[in-house]
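Let's take a look at the side-chain contacts in this one, rings to begin with and charges after that. Have the viewer open as you read.

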Amino acid sequence: MTLAVVITRFGGPEVLEVQDVPKPQPGGPEEVLVHVRSTALNRADLLQRQGRYPAPPGTAQNIPGLEFAGEVAELGANAHRWHKGDRVMGIIGGGAHAEFVTAHQDAVCAVPTNLEWSAAGAVPEVFITAYDALQQAGFKGEENVLVHAVGSGVGLAATQLVKALGGHAFGTSRTPDKIERAKTYGLESGYAVAEPSALTGLSDFAASVTGGGFDVVLDLNGGPYFPASLEAMAPRGRIILIGGVAGGKTEVDLYQILGKRLHVIGTVLRARSLEEKIAITAAFAQEVVPLLARGTIQPVIDSVFPLEKIQDAHRRLESNETFGKVVMTWGVV
């Protein structure tokens with residue numbers, strides 16, 4: 001047996017318990033068993049706890065967690081890429097809030113030696129999401145990128161990547177404080193959206209900082225942010241819709257999309273096939289991990305909790321006061 005966070009029923013943070021569960025084993029010849037040292041919270045974990053976002057088929061339905069960092073503990077019969085004790089990290093469809101997880105050997109990558117466990121656990125989901133979104137957008141150096149929810153884990157990862165890859169990062173946040181803090185990580189300028197009504201000024205902000213609108217928008221919010229982004233786009237701009245925390249429905253002017261020849265792309269990582277996850281992990285390992293190893297980019301950590309305090313971790317993320325990632329560790333910091 002081993003320990004894991006278990007959703008005992010749908011509801012608030014109080015439904016989460018750390019319980020004994022059967023220890024997983026490599027289910028295929030190319031899988032590895034990873035002893036998890038750190039993991040992190042994502043909005044998907046909150047939704048799963050509430051019964052609003054079930055895990056993909058074949059994934060534990062009552063153990064949340066989409067990312068992990070830890071040491072290889074066991075190897076499948078044909079898993080020859082790693083050795084026991086190797087430090088690895090990756091994303092999975094669920095079950096990462098546990099002492100042990102299994103993953104395909106090609107769906108994990110090495111943890112840079114300069115990252116402590118608490119930092120490593122904050123990397124996979126946000127940096128892979130941000131990098132993949134920029135790739136889907138066809139982002140090129142010198143382009144202007146707007147990141148909604150710039151103080152979030154994905155927002156800060158995207159901001160750093162845009163700067164590191166030669167672009168210009170701008171962002172929105174509900175509070176000016178988060179915008180100022182994000183400038184430490186490469187944000188050039190930001191626009192505060194204290195209330196949805198403030199989004200009417202987003203196009204003026206775009207004109208003032210770019211002269212012609214944003215080339216790429218990474219939208220983690222959806223809802224009223226989406227039509228406001230259309231107004232703020234440059235011709236042939238690309239909007240990547242990553243999340244919908246501000247709402248799943250909105251009203252748009254289709255002529256904005258037609259007239260500017262915009263591209264709108266929706267994206268999600270969790271439900272992708274193993275082959276797709278292996279491909280993006282390989283690209284991430286080649287292009288982004290070296291930037292982490294050099295310290296060019298870095299995970300931004302809001303807070304660290306022992307996994308036994310999982311209820312407190314959920315409350316922290318739900319407060320909407322976070323700046324960066326909420327990380328959980330098993331006996332390490």
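How many aromatic pairs does the structure hold? It holds four, where a pair means rings of Phe, Tyr or Trp (its six-membered ring) with centres within 6.5 Å, and planes under 30 degrees apart count as stacked, over 60 as edge-to-face and the rest as tilted. Before going on: this is a predicted model, so local features need pLDDT of at least 70 and side-chain atom pairs count only at pLDDT 80 or more, while totals for chains, interfaces and linings use all residues. Residues are numbered from 1 along each chain as its sequence is written, and side-chain values use heavy atoms, with hydrogens and water left out.

**Rings**

One of the four pairs is Phe170 with Phe214: the ring centres sit 5.8 Å apart and the planes are at 50 degrees, so this pair is tilted. Phe170 belongs to strand 9 (residues 168-173) and Phe214 to strand 11 (residues 214-219), so the contact ties together parts that are 44 residues apart in sequence. Strands here are DSSP runs of E with at least two residues, helices are runs of H or I with at least four, and both are numbered from the N terminus. Phe170 is buried at 3% relative accessible area, and Phe214 is buried at 0%. For reference, buried means under 20% relative accessible area, exposed over 50% and partly exposed in between, using a 1.4 Å probe and protein chains only.

Next comes Tyr191 with Phe205, whose ring centres are 5.5 Å apart with planes at 35 degrees, so that pair is tilted. Tyr191 sits in strand 10 (residues 187-192) and Phe205 in helix 6 (residues 202-210), so parts 14 residues apart in sequence are tied together. Tyr191 counts as buried at 17% relative accessibility, and Phe205 counts as buried at 9%. Put Phe170, Tyr191, Phe205 and Phe214 together and you have one aromatic cluster.

**Charges over rings**

Which charges lie over ring faces? Lys23 lies over the face of Phe100, at 4.4 Å from the ring centre. Arg87 does so over Trp117, at 4.6 Å from the ring centre. The test is NZ of Lys or CZ of Arg within 6 Å of the ring centre and within 35 degrees of the ring normal.

**Salt bridges**

Side chains of opposite charge can pair when their charged atoms come close. A search of the whole structure turns up 13 salt bridges, each being a side-chain nitrogen of Lys or Arg within 4 Å of a carboxyl oxygen of Asp or Glu. Among them are these:

| Salt bridge | Closest N and O atoms |
|---|---|
| Lys23 with Glu74 | 3.9 Å apart |
| Glu180 with Lys183 | 3.0 Å apart |
| Asp302 with Arg316 | 2.8 Å apart |

Lys23 and Glu74 link distant parts of the chain, 51 residues apart: Lys23 is in the loop between strand 2 (16-21) and strand 3 (31-40), and Glu74 is in strand 4 (residues 67-75). Lys23 is partly exposed at 33% relative accessibility, and Glu74 is partly exposed at 27%.

Glu180 counts as partly exposed at 47% relative accessibility, and Lys183 counts as partly exposed at 35%.

Asp302 in strand 14 (residues 301-306) and Arg316 in helix 11 (residues 310-318) also link distant parts of the chain, 14 residues apart. Asp302 is partly exposed with a relative accessible area of 22%, and Arg316 is partly exposed at 25% relative accessibility.

One more to look up: Lys140, Glu143 and Arg238 are linked in a network of salt bridges.
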